[in-house]
Amino acid sequence: MATNGHTNGTRPKTGIKVVIVGAGFGGLGAAVECHRQGHDVVVYEQFPEIKPLGDIISFGPNAGRIFYRWSGGKVADAMRPLAIDLSTYGFNIHKYDTGEIVINQPTPEYAIDAPNFNGHRGELHEVVYNYAKDDLKIPIHLGKKVLSYDEDDKQATITFDNGEKVSGDVVIASDGVRSRARKSVLGHDDKPKSSGYAIWRSWFSNKDMIEDPETKHFCTNGDTFNGWIGPDMHFLFTTIKNGSDCSWVLTHRDEHDIDESWSFPGKLSEVKEALKDWDPLCTRIISKTPEENLVDWKLVYRDPLPTWVSPAGRILLLGDSAHPFLPTSAQGAAQAVEDGVSIAVCLRRGGKDNLPTAVRAHEKIRYERVRQIQKTGETTREMWHKTDWSKVKDSPESIQLPRPSWIMDFDTEKNAEETYDQAVKEVLAKQQ
Ligand SMILES: Cc1cc2nc3c(=O)[nH]c(=O)nc-3n(C[C@H](O)[C@H](O)[C@H](O)COP(=O)(O)OP(=O)(O)OC[C@H]3O[C@@H](n4cnc5c(N)ncnc54)[C@H](O)[C@@H]3O)c2cc1C
Ligand SMILES: *[C@@H]1O[C@H](CO)[C@@H](O)[C@H](O)[C@H]1NC(C)=O
């Protein structure tokens, strides 16, 4: 239940104009939440059209709870058939070489008001995009590339590549992992570093899988989820939409230092080479993958930014632009959406006259939680890549995918409402 019994209606107008850059999950989530909290919102996105790009993405119940509040479950209902349903299958964790199933981790029961959505990024994104644009009539302008960000003590302004400018009371820069806004906030460019890992990833139809008697069962009994974990690598394979689509990710060591990218082509021969000593079933699954659907994504790492807020307090970095996540945390998109909830609440609580303080209060409310969740990206990877198999014999639960309650059962909206006043006190104390 949402705070103040307010589940899907929109609050009275605040008169605050919020300009949002980027229509990813971060930008769209912030747009919907700012609309719910009574602000005037406009979104600018550089892509000339919204294409269903990407492959698997995860939203834990902490994000599902947010989607559920949008028009009384309407958005969550639209997402559900697109998401993996593991209610009967659970998650099989295999030892990498023998292939034995060490444990079957059961799936938590589907909570209607805090559902879990794992599905195709493009398909889930389309639901949110259409909701913001068609249901809420939020203006979303495509083909608008922002080149620079400025602010004074009255407003923040963005400038597009054609020289046109737009101002608002606040600018939310949800411009992704390669953010340009970061420079306005930090005053310098921060450089991505190699994380020492890369991921091969793919999404494809079950056509060849069901023709092979050894892989057919992954696709003909509803959705499935299997993981093989071993030294320095893990391979996660899932089937979606009643087994009709297949998706896998293979995290492995790779020291290449390139920019974050989604469309770097991968080579099947390299994947097969990496898996040559693993359970042959892994290679069997890999060989059903059309090579054109294979992406090689180098995982770069960024040091945490000292702040997400510009000097005058009117430009805010949100989502991946503020805090990129490693995929092993499975929380990057969820945290982008949580950010939007928090900033929307803080702006309403602060009001138009206290805007920079409200923006800084948002950062205070969010910063430490995000930091702690970012770390789980490394801890989960290390837990799997350095498994002590003799210990696992005695306690197979120890290699389950962590689903800590402090992450999953968190209600961002409630938390922002409850901690806002204290956060403002701390912000003001720091300024004295
Ligand atoms: C094309 C694409 C595919 C992805 N695929 C996956 C995936 O398969 N699995 C996964 O886990 N995550 C994927 N991600 C990342 C994932 O969406 C994010 O980690 C997460 O959802 C946080 O979202 P975000 O809104 O902060 O950033 P993003 O989703 O990266 O969105 C940022 C948006 O800002 C826009 N933008 C950037 N610069 C400008 C500018 N100067 N002017 C105007 N607009 C600008 C971008 O075009 C983009 O739409 C993908 C991201 C993108 C952009
Ligand atoms: C799921 O797929 C199986 C075949 O793989 C089919 O028999 C069943 O009817 C499908 N269920 C739904 C709900 O579509």
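This passage describes a helix pair, the nonpolar cores and one buried histidine in a predicted model. Local features were required to have pLDDT of at least 70, and side-chain atom pairs were counted only at pLDDT 80 or more, whereas totals for chains, interfaces and linings use all residues. Residues are numbered from 1 along each chain as its sequence is written, and side-chain values rest on heavy atoms, with hydrogens and water left out.

Helix H9 (residues 332–350) and helix H13 (residues 412–431) have axes that come within 9 Å and cross at roughly 40°, the helices being DSSP runs of H or I with at least four residues and the axes being lines fitted to C-alpha atoms over the stretch in contact. H9 is therefore oblique to H13, a class left over once angles under 35 degrees (roughly parallel), over 145 (roughly antiparallel) and 65 to 115 (roughly perpendicular) are set aside. The residues of this contact (heavy atoms within 4.5 Å) divide into five nonpolar, three polar and six charged.

The largest nonpolar core, a set of buried residues (under 20% relative accessible area, 1.4 Å probe) joined through side-chain atoms within 4.5 Å, has 79 residues, and Tyr 149 and Leu 347 are among those with the most contacts inside it. H9 gives the most to this core, with eight residues. Apart from it lies another core of 43 residues, including Trp 297 and Val 392.

His 252 is found in strand E15 (residues 245–253) and, at 7% relative accessibility, counts as buried. Beyond residues up to four places away in sequence, His 252 touches residues including Trp 200, Asp 232 and Met 233.

Notes
Chains lettered and ligands numbered in written order. Axes fitted to C-alpha atoms, helices over the stretch in contact; angles between N-to-C directions. Helix = DSSP H or I, 4+ residues; strand = E, 2+ residues; numbered from the N terminus. Nonpolar A, V, L, I, M, F, W, Y, C, P; charged D, E, K, R; others polar. Buried < 20%, exposed > 50% of the residue type's maximum accessible area, 1.4 Å probe, protein only.
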